[in-house]
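Trainee: Could you take me through one part of this model closely? I would like to look at the metal sites and what surrounds them.

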Amino acid sequence: MKKLNVLVTTVAIMASGAAMAGGFSDYDLDKDGMISKSEAAMSEKLIKVFDDLDINKDGQLSKEEFNK
Ligand SMILES: [Ca+2]
Ligand SMILES: [Ca+2]
């Protein structure tokens, strides 16, 4: 029974992850470790919050900024 619980929990975590708008690496198309404004533009939601997330105002979102 314990094994089943672990499995159910794992599936639940995966499902909640999939329900998110998308992870950092989904937006970082050129895989340079930063999300540029043009990369962010593929998500209407992300481009709206881009300037708020870009704490150091370099026009790129780092992983740390993205995860805020
Ligand atoms: Ca990039
Ligand atoms: Ca930045």
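Mentor: Happily! Along the chain, the donors of the calcium ion (ligand 2) follow the spacing D-x1-N-x1-D-x1-Q-x4-E. Donors here are N, O and S atoms within 2.8 Å of the metal (3.2 Å for Na, K and Ca), and water is not among the atoms, so sites may look incomplete. Please keep in mind that this is a predicted model, where local features need pLDDT of at least 70, side-chain atom pairs count only at pLDDT 80 or more, and totals for chains, interfaces and linings use all residues. Residues are numbered from 1 along each chain as its sequence is written, chains are lettered from A and ligands numbered from 1 in the order in which they are written, and side-chain values use heavy atoms, with hydrogens and water left out.

The atoms that coordinate the calcium ion (ligand 2) come from Asp 54 (OD), Asn 56 (OD1), Asp 58 (OD), Gln 60 (O) and, twice, Glu 65 (OE), at 2.2 to 2.6 Å. These six donor atoms subtend angles of 53 to 154°, which makes the arrangement irregular. For six donors, octahedral would require opposite donors over 155 degrees apart and all others between 65 and 115; four count as tetrahedral if all angles lie between 85 and 135 degrees, or as square planar by the octahedral limits, and anything else is irregular. Glu 65 is buried, at a relative accessible area of 6%, whereas Asp 58 is partly exposed at 40%. Buried means under 20% relative accessible area, exposed over 50%, and partly exposed in between (1.4 Å probe, protein chains only).

Now for the calcium ion (ligand 1). Its donors follow the spacing D-x1-D-x1-D-x1-M-x4-E, and they are Asp 28 (OD), Asp 30 (OD), Asp 32 (OD), Met 34 (O) and, twice, Glu 39 (OE), at 2.3 to 2.5 Å. The angles around the calcium ion (ligand 1) run from 53 to 155°, so this arrangement is irregular too. Glu 39 is buried, with 6% relative accessibility.

Phe 50 is worth a look as well. Apart from its neighbours within four places in sequence, Phe 50 is in contact (heavy atoms within 4.5 Å) with Ile 35, Ser 36, Lys 37, Ala 40, Gly 59, Gln 60 and Leu 61. Among these, Gln 60 is a residue that coordinates the calcium ion (ligand 2) through its O atom.
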